[in-house]
Amino acid sequence: KTLTVTEGKLEKKSITATTSGAAITLFAAADFSVGTYVYLKNTDTTATDKIMIYIGGADQIIMEGGEWAWFPWSGDVDIKAYVTTTGTILEFGIFT
C-alpha cells in the first residue's frame, strides 16, 4: 500500500504523569477526523522506563525504552499517555 502524507509533524514531550488518571492528552478526538496515522516512540534507552498509551479508557499500548508504534486511528476517542518513570520522553506525531 502506498502512504501519502499531506499534513503532520513530529514533537517530543517529557511525560510526568505516572497514573492513568493523570494521563496527558496527546491527541483529542474532537480535533481530528478519520484517516489519520499515529506515530509514537519511547526515546528512553532503559527498558523499564515504560510509556503507557491510554486509548478509550484502557491501556492499549505499552512501550519499553526504544520501542515505537505506527497505527491508523479513527479519531473517535482521545489518545493519552503516562509513564512509569517521570520525565520519560515521548516522540509523537499524527499524519493525514
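How many Å² does the accessible surface of the chain come to, and what share of that surface belongs to carbon and sulfur atoms? The accessible surface is about 5,400 Å². Carbon and sulfur atoms account for 51% of it. Keep in mind that this is a predicted model.

Start with the whole chain. It has 8 strands and 0 helices. Read along the sequence, the pattern is β-β-β-β-β-β-β-β. The C-alpha atoms fill a box of roughly 35 × 25 × 20 Å, taken along the principal axes. Does the radius of gyration fit a globule, and what is its value? A compact globule of 96 residues would have a radius of gyration near 12 Å, and the chain has 13 Å, which agrees. Of the 96 residues, 35% count as buried. Take the contacts between residues at least 6 apart in sequence: 77% of them join residues at least 24 apart. The chain also carries 7 positive and 11 negative charges. The mean positions of these two sets are 3 Å apart.

Now look at strand E4, which covers residues 51-55. This strand is mostly covered, with 4 of its 5 residues buried. Strand E5 covers residues 58-63. E4 and E5 pair in the antiparallel sense, over 5 bridges. One pair to find is isoleucine 53 and its bridge partner in E5, isoleucine 61. The two strands form a hairpin with 2 residues between them. Look in the turn for glycine 56, which has a positive phi of about 65 degrees.

E4 also pairs with strand E7, residues 79-83. Here too the strands run antiparallel, and 5 bridges join them. Methionine 52 has tyrosine 82 as its bridge partner in E7. Isoleucine 51 is partnered by valine 83.

Follow E7 to another neighbour. Strand E2 (residues 24-27) pairs with E7 over 3 bridges, in the antiparallel sense. In this pairing, isoleucine 24 stands opposite alanine 81. Why is E7 described as largely enclosed by the rest of the structure? It is because 4 of its 5 residues are buried.

Isoleucine 79 lies in this strand, E7. Is isoleucine 79 buried or exposed? Its relative accessible area is 0%, so isoleucine 79 is buried, since buried means under 20%. Which residues does isoleucine 79 contact, leaving aside its neighbours within four places in sequence? They are Ile24, Thr25, Leu26, Phe27, Val38, Ile53, Tyr54, Ile55, Phe71 and Trp73. Compare a position 12 residues away along the chain, glutamate 67. The C-alpha atoms of isoleucine 79 and glutamate 67 are separated by 18 Å.

Finish in strand E3, residues 36-42, where tyrosine 39 is found. Tyrosine 39 has a relative accessible area of 16%, so it counts as buried. Set aside residues up to four places away in sequence. Tyrosine 39 then touches Leu10, Trp68, Ala69, Trp70, Glu91, Phe92, Gly93 and Phe95. Aspartate 59 is 20 residues from tyrosine 39 along the chain, and their C-alpha atoms are separated by 16 Å.

Technical notes. Residues are numbered from 1 along each chain as its sequence is written. This is a predicted model: local features need pLDDT of at least 70, side-chain atom pairs count only at pLDDT 80 or more; totals for chains, interfaces and linings use all residues. Side-chain values use heavy atoms; hydrogens and water are left out. Buried means under 20% relative accessible area, exposed over 50%, partly exposed in between (1.4 Å probe, protein chains only). Two strands pair if DSSP finds at least two bridges between them. The radius of gyration is taken over C-alpha atoms; the globule rule is 2.2 Å times the number of residues to the power 0.38. Contact means heavy atoms within 4.5 Å. Accessible areas come from the Shrake-Rupley method with a 1.4 Å probe; for residues, only the protein chains shown count as cover. Lys and Arg count as positive and Asp and Glu as negative; His and the chain ends are not counted. The place of a charge is taken as NZ of Lys, CZ of Arg, CG of Asp or CD of Glu.
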